[in-house]
Amino acid sequence: MTDQTSPPQSGVPKSGVPKSERTAHFVNREPWDPYVAERLTADQEKYYMAGQWKLMWWRFRRHRPAVVSMIFLALMYFSTAISEWIAPYDLHSRHSAYIFAPPQEVHLFHEGKFLGPFVYGLKTERDLETLQRVYTPDPAKPMPLRFFCSGAPYEFWGMIDATFHFVCPPEGGQFFWLGTDRLGRDLFSRIVYAARISLTIGILGITLSFALALILGGLAGYYGGWVDNVVQRITEIIKSFPHLPLWLALSAALPVTWSPLVIYFGITIILALLDWPGLGRAVRSKLLSLREEDYAAAAQMMGAKPARIIGRHLLPGFMSHLIASATLSIPSMILAETALSFLGLGLRPPITSWGVLLNEATDINVVAVNWWLMLPVVPVILVILAYQFMGDGMRDAADPYA
Amino acid sequence: MLKFIVRRVLLMIPTLFIISALVYFIIDLPPGDCVTSQVDELLARGDADALQRADELRQLYGLNEPLWQRYFEWVGGIFRWDFGLSCQDTVPVADLIGERMALTLIMESTTIAFIWIASFIIGVYAATHQYRMGDYVASFIGFVGLSVPNFLLALVLLYVGKVYFGLSIGGLMDPEYIDKPFSWGKFVSVAEHLIIPVIVIGMSGTAGMIRRLRANLLDELQKQYVVTGRAKGLPPLRLLIKYPLRHAINPFVADIGGLLPDVISGSVIVSVVLSLPTTGPMLLGALKTQDVNLAATFLLFVAVLTVIGMLISDLALAALDPRIRFGATSEK
């Protein structure tokens, strides 16, 4: 509330203007805020007060393809947690009556009548000339699919016995949405399960390679001198040598007697061993320049140990950038695993990845007849594209000069 | 300059030495040797003499000697173009690899030439026609090339060729020329068969180059000297070639070092998929059967190729850029 009482008029010197025309002297009794001109609106305040990571998130959100890719990848990774529910069949269940069955189409209308999603039963004949099995849908037998049903039994995460599936094959029939392979295993279920391996190997590998890059790049960048020299020479040799032949040699060196799970970790380590130099180089060159900063010198003088200076003071300064570059190298890891398994030197059954599935598609004569064996290519390309978009978005978001 | 070259060449020797030793030991790492699987096969067939035969074979290949001795024998032989015996069919490795290496070399150099020419034309076109149809098409191709792995592309092309066109795009020459001496007909046949693998292998490299050339050239095109030149009435083509292009062209020389490992990696896997008679499939087979001499020779060949490629790129860069010539390392 403003105090509008007239100020005392006594003692005012006479001037040319008649008293009645002068503006009344006015004093605002409210406390004065000298920063009123600089006061931020709520939006501005939110922006200026936001932390580094929040700012990056906002910048990232503007990048539409990156956001879509992130949602897609999140769904894919979530699906690996519930593979058992999504896949109608088990990873290894064989249907010897349905070897190389083609994908079954899902229909909605039967003879003009709405039936809900259903498939036609498969009739098997043998082509007497080529001796191949020929499967034809039997239009007389529409078989509705079951949803949220109890189907083939499995052990959830290898621990809990259960039978719940999102989709089950119809009663007395089969549902091979993407066809079957040479042992009559449902390809769709196998692709769903294989995502577990293919998607995690990228994450695991990059974690290892990230750790190696931080340690070795950190040592080289912080200490310089001969440590730097040794690390630099190693990275140069690794970077300049073609990776694929080396990967091949290393994975051929894994003994056949090892269990598939150990092989899985072995392959991950091999992938990481050749991948870290790129990141390590980035860490090194950043540290080389950052260790000259005043705050690093201050920390050093206060007696902080190198590990603390690197980890607490120097690394956080470019962590976001590192994470963005690491994301960009996940797809190359997934691809490398796919390539190795495809060539038969990577993972071995019963561990199944998309590359292991593609290994079935190496013989072009088999693929030419059973085209659906190539379908695992689709998730591989989609995931790689998504990672690339997301990585691009993250890199732009992490760039302070954008 | 001479000092620089000598230093670089001298540096190559220890690098190659380390790589060859590493590779040799890695291949020999897993338990068992190349005779094991052959003997298992003989035993399965009920061959009573299998074990004795195994001893003979091991004697022949010198597998009873310690690893380091075999390694030095192998390395010593290299200078006489003698790479030891291949375990698979008891043939000298040198006889197996000659033509394959030549074909690999041809394929890889053609690929690099393809990458250069294609990305140069497309990159310059995309930069000078920014935000037009051609630019978008080029960017799209570039993106696909970067993200679709080459062996999957090869697989899909193989399928499409086989099913829709009845072609088999595998192989590097028509069957009638296999094992025949060199002739014009063979040359034409090889050239025809090279087209698909070269495009498939070069795809990602081309895509990367287009991206970089376009970005560099766009940066240059906005500079004032270009505007000045245009204002003074220089013909557009002359203006483009004479000034901004010269700046933007640097990555073509600088990147061969990064390009070469990719091309070699790609050629190995693509030639396995397309079953080309290059080093790729044989290397894979040798690794699977633990044929140490053969696999190590191929890997050493790959290493030599890479190191020489790097050397050429370094020399070219040094010739172009005095900062490198005088020993200052470029920070990235």
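Two strands are counted as paired when DSSP finds at least two bridges between them. With that in mind, good morning, and let us turn to a hairpin of chain A. I should state at the outset that the model is a predicted one.

In chain A, strand S4, residues 146–156, runs antiparallel to strand S5, and seven bridges join the two. Arg146(A) stands opposite Cys168(A) of S5(A). Three residues lie between the strands of this hairpin, and Trp157(A) has a positive phi near 55° there. As general background, most residues other than glycine have a negative phi. Strand S4 of chain A also contains Phe148(A). Phe148(A) is not a glycine, yet its phi is positive, at about 45°. Is Phe148(A) buried or exposed? Its relative accessible area is 61%, so Phe148(A) is exposed.

A second hairpin may be described in the same terms. Strand S1 of chain A, residues 107–110, is joined by three bridges to strand S2, residues 113–126, and the two run antiparallel. His107(A) faces Phe118(A), which stands opposite it in S2(A). This hairpin has two residues between its strands, and Glu111(A) adopts a positive phi near 50°.

I now follow S5(A) onward to a particular aspartate. Asp181(A) sits in the loop that connects strand S5 (160–168) with helix H5 (187–223) in chain A. How accessible is Asp181(A)? Its relative accessibility is 2%, and Asp181(A) is therefore classed as buried, the cut-off being under 20%. Its side chain reaches the backbone nitrogen of Arg185(A) at a distance of 2.9 Å. Apart from neighbours within four places in sequence, the contacts of Asp181(A) are Ile99(A), Phe100(A), Arg190(A), Glu360(A) and Leu373(A).

Ser83(A) offers another buried polar side chain for discussion. This serine belongs to helix H4 of chain A, residues 83–86. With 0% relative accessibility, Ser83(A) counts as buried. What do its polar atoms meet? A polar atom of the Ser83(A) side chain lies 3.2 Å from the backbone oxygen of Thr80(A). In addition, the side chains of Ser83(A) and Arg196(A) are joined by a polar contact of 3.3 Å. When residues up to four places away in sequence are set aside, Ser83(A) touches Val192(A) and Tyr193(A) as well as Arg196(A).

Next, a helix with two distinct sides. Which residues of helix H10 of chain A, residues 306–314, are buried? They are Ile309(A), Ile310(A) and Leu314(A). Viewed down the axis of H10(A), these buried residues fall within an arc of 95°, and therefore they line one face of the helix. The general reasoning is that an α-helix has 3.6 residues a turn, so residues three or four places apart point the same way. Ala307(A) and Arg312(A) are exposed on the other side of H10(A). The cover over the buried residues of H10(A) includes H5, helix H8 (260–290) and helix H9 (294–301) of chain A.

I come now to chain B. Its secondary structure amounts to 16 helices and two strands. Of its 332 residues, 46% are buried. Considering contacts in chain B between residues at least 6 apart in sequence, 74% join residues at least 24 apart. The accessible surface of the chain is about 17,500 Å², and carbon and sulfur atoms account for 66% of it.

Two residues of chain B deserve individual mention. Arg70(B) is located in helix H4, residues 67–78, of chain B. At 11% relative accessibility, this arginine is counted as buried. Its contacts, leaving out neighbours within four places in sequence, include Tyr24(B), Asp28(B) and Tyr61(B). Arg70(B) and Pro236(B), 166 residues apart in sequence, are separated in space by 64 Å from C-alpha to C-alpha. The other residue is Ser275(B), in the loop between helix H13 (256–273) and helix H14 (279–288) of chain B. Ser275(B) is not a glycine, but has a positive phi of about 40°.

Finally, how do the two chains meet? In chain A, 40 residues are in contact with 39 residues of chain B. The size of an interface is often given as the accessible area lost when the parts come together. Between them, chain A and chain B bury about 3,300 Å², with 82% of that on carbon and sulfur atoms. Which three residues supply more than any other three of the area that chain A buries against chain B? They are Phe241(A), Leu343(A) and Ile364(A), which supply 15% of that area.

Technical notes: Residues are numbered from 1 along each chain as its sequence is written. Chains are lettered from A and ligands numbered from 1 in the order in which they are written. This is a predicted model: local features need pLDDT of at least 70, side-chain atom pairs count only at pLDDT 80 or more; totals for chains, interfaces and linings use all residues. Side-chain values use heavy atoms; hydrogens and water are left out. Helices (H or I, at least four residues) and strands (E, at least two) are DSSP runs, numbered from the N terminus. Buried means under 20% relative accessible area, exposed over 50%, partly exposed in between (1.4 Å probe, protein chains only). Contact means heavy atoms within 4.5 Å. Accessible areas come from the Shrake-Rupley method with a 1.4 Å probe; for residues, only the protein chains shown count as cover. A polar contact is a pair of N or O atoms within 3.5 Å; within protein, one must be able to donate a hydrogen and the other to accept it, and residues adjacent in sequence count only if both atoms are side-chain atoms. The arc is that of the directions from the helix axis to the C-beta atoms. Buried area is the accessible area (1.4 Å probe) that two parts lose on being put together, summed over both.
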